[in-house]
Structure formats: structure tokens, C-alpha cells
Amino acid sequence: MIINRCPYCSGKLIHGYIKTRGEALAWSPNPEKLPFMTNKWHIGEDDIKLGDFSYYKGDKIDAYKCNTCNIIIINANKDL
Ligand SMILES: [Zn+2]
């Protein structure tokens, strides 16, 4: 799914990426920080995995930014 317009101001969204390399990228409803000894590829029970863990290649997910509202929108389904 390509997102063209900001849902708040209807301005043009800029396509880009949220990137990771050192650990798995996830959205979480839990505000707690990860425990120190947690594996870097750990995804919590209620978390949504957005990127894979890889020391060498990293991973990324499409993200769309509105320069007016300064928000970033992510489609949590990587395959779309
Ligand atoms: Zn906007």
C-alpha cells in the first residue's frame, strides 16, 4: 500500500525508511525498556515485528513522513 497524503493535513508524504542494524525493530504497547540481558532479536508477546535482526545487513521498513505535521506513518505489514 502506497500512502500519498497525510491524514492530518492532506499534505504530500515523503517516502523513506526506518532502518535497523543492531537489533530487531518492533512496535510495542509496553513502555518498559528491554531488560539488559534480552536477546537483540527478542520480540515481546504483544509487540509487532517490523524488521529482522542482522548484524551485517540490518533491515528496514517503508515509512512516510509529513514535513508539515512532523509525523511518520508506518505500515506494520512488511509484505504490502
Ligand atoms: Zn501533515
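**Exercise 1. Work out how well strand E1 is covered, counting its buried residues.**

Step 1: get the terms straight. Strands are DSSP runs of E with at least two residues, and helices are runs of H or I with at least four, numbered from the N terminus. A residue is buried if 20 or more other C-beta atoms lie within 10 Å of its own, exposed if 12 or fewer, and partly exposed in between, with C-beta atoms placed from the backbone.

Step 2: do the count. Among the seven residues of E1, the number of buried ones is zero, so by that cut-off the strand is hardly covered.

Step 3: put that beside the whole chain. Buried residues make up 4% of the 80 residues in the protein chain.

Before going on, a note on what you're looking at. This is a predicted model, where local features need pLDDT of at least 70 and side-chain atom pairs count only at pLDDT 80 or more, while totals for chains, interfaces and linings use all residues. Residues are numbered from 1 along each chain as its sequence is written.

**Exercise 2. Find out which strands make up the open sheet, and in what order.**

Step 1: list the elements. The protein chain has zero helices and five strands, so from the N terminus on you read β-β-β-β-β, strands being the DSSP runs defined above.

Step 2: look for pairs. Two strands pair if DSSP finds at least two bridges between them. E1 and strand E4 (residues 59–66) pair in the antiparallel sense over seven bridges, and E4 and E5 do so, also antiparallel, over four bridges.

Step 3: write down the order. The open sheet has three strands, E1-E4-E5, with antiparallel pairing. Its edge strands are E1 (14–20) and E5 (71–74), each pairing on one side only. On average, neighbouring strands of this sheet are turned by 40 degrees against each other, direction ignored; the axes behind such angles are lines fitted to C-alpha atoms, for helices over the stretch in contact, with angles running from 0 to 180 degrees between N-to-C directions.

Step 4: check some partners. Tyr-17 has Asp-62 in E4 as its bridge partner, and His-15 stands opposite Tyr-64 in E4. On the other pairing, Cys-66 is bridged to Ile-71 in E5.

**Exercise 3. Decide whether Leu-25 is buried or exposed, and find its contacts.**

Step 1: place the residue. Leu-25 sits in strand E2 (residues 25–27).

Step 2: count neighbours. Leu-25 has 21 C-beta neighbours inside 10 Å, so Leu-25 counts as buried.

Step 3: list contacts, meaning residues whose C-beta atoms, placed from the backbone, lie within 7 Å. Leaving aside neighbours within four places in sequence, Leu-25 touches Ile-18, Thr-20, Leu-50, Gly-51, Asp-59 and Ile-61. Take Leu-50: the two are 25 residues apart in sequence and 5.2 Å apart in space, C-alpha to C-alpha.

Step 4: zoom out. Of the chain's contacts with a separation of 6 or more, 56% are between residues 24 or more positions apart.

**Exercise 4. Track down Ser-10 and Asn-70, non-glycine residues with a positive phi.**

Step 1: Ser-10. Its phi is about 65 degrees, and its place is in the segment before E1. Ser-10 is exposed because there are 11 other C-beta atoms within 10 Å. Ser-10 and Asn-39 are 29 residues apart in sequence, yet 40 Å apart in space, C-alpha to C-alpha.

Step 2: Asn-70. This residue is in the loop between E4 and E5, a hairpin with four residues between the strands, and takes a positive phi near 60 degrees. With 7 C-beta neighbours inside 10 Å, Asn-70 counts as exposed.

**Exercise 5. Check the model's confidence and the UniProt domain.**

Step 1: pLDDT is the predictor's confidence in each residue, from 0 to 100. The chain averages 85, and 95% of the residues score at least 70. Among the elements, strand E3 (residues 48–51) has the lowest mean, 87, and E5 the highest, 94.

Step 2: UniProt lists residues 6–77 as "domain: DUF6487" in an unreviewed entry. UniProt positions are given in the numbering used here, feature names are shortened, and annotations may be inferred rather than shown by experiment. That span is 0% helix and 36% strand, with its end C-alpha atoms 19 Å apart.

Note on methods:
Contact = placed C-beta atoms within 7 Å.
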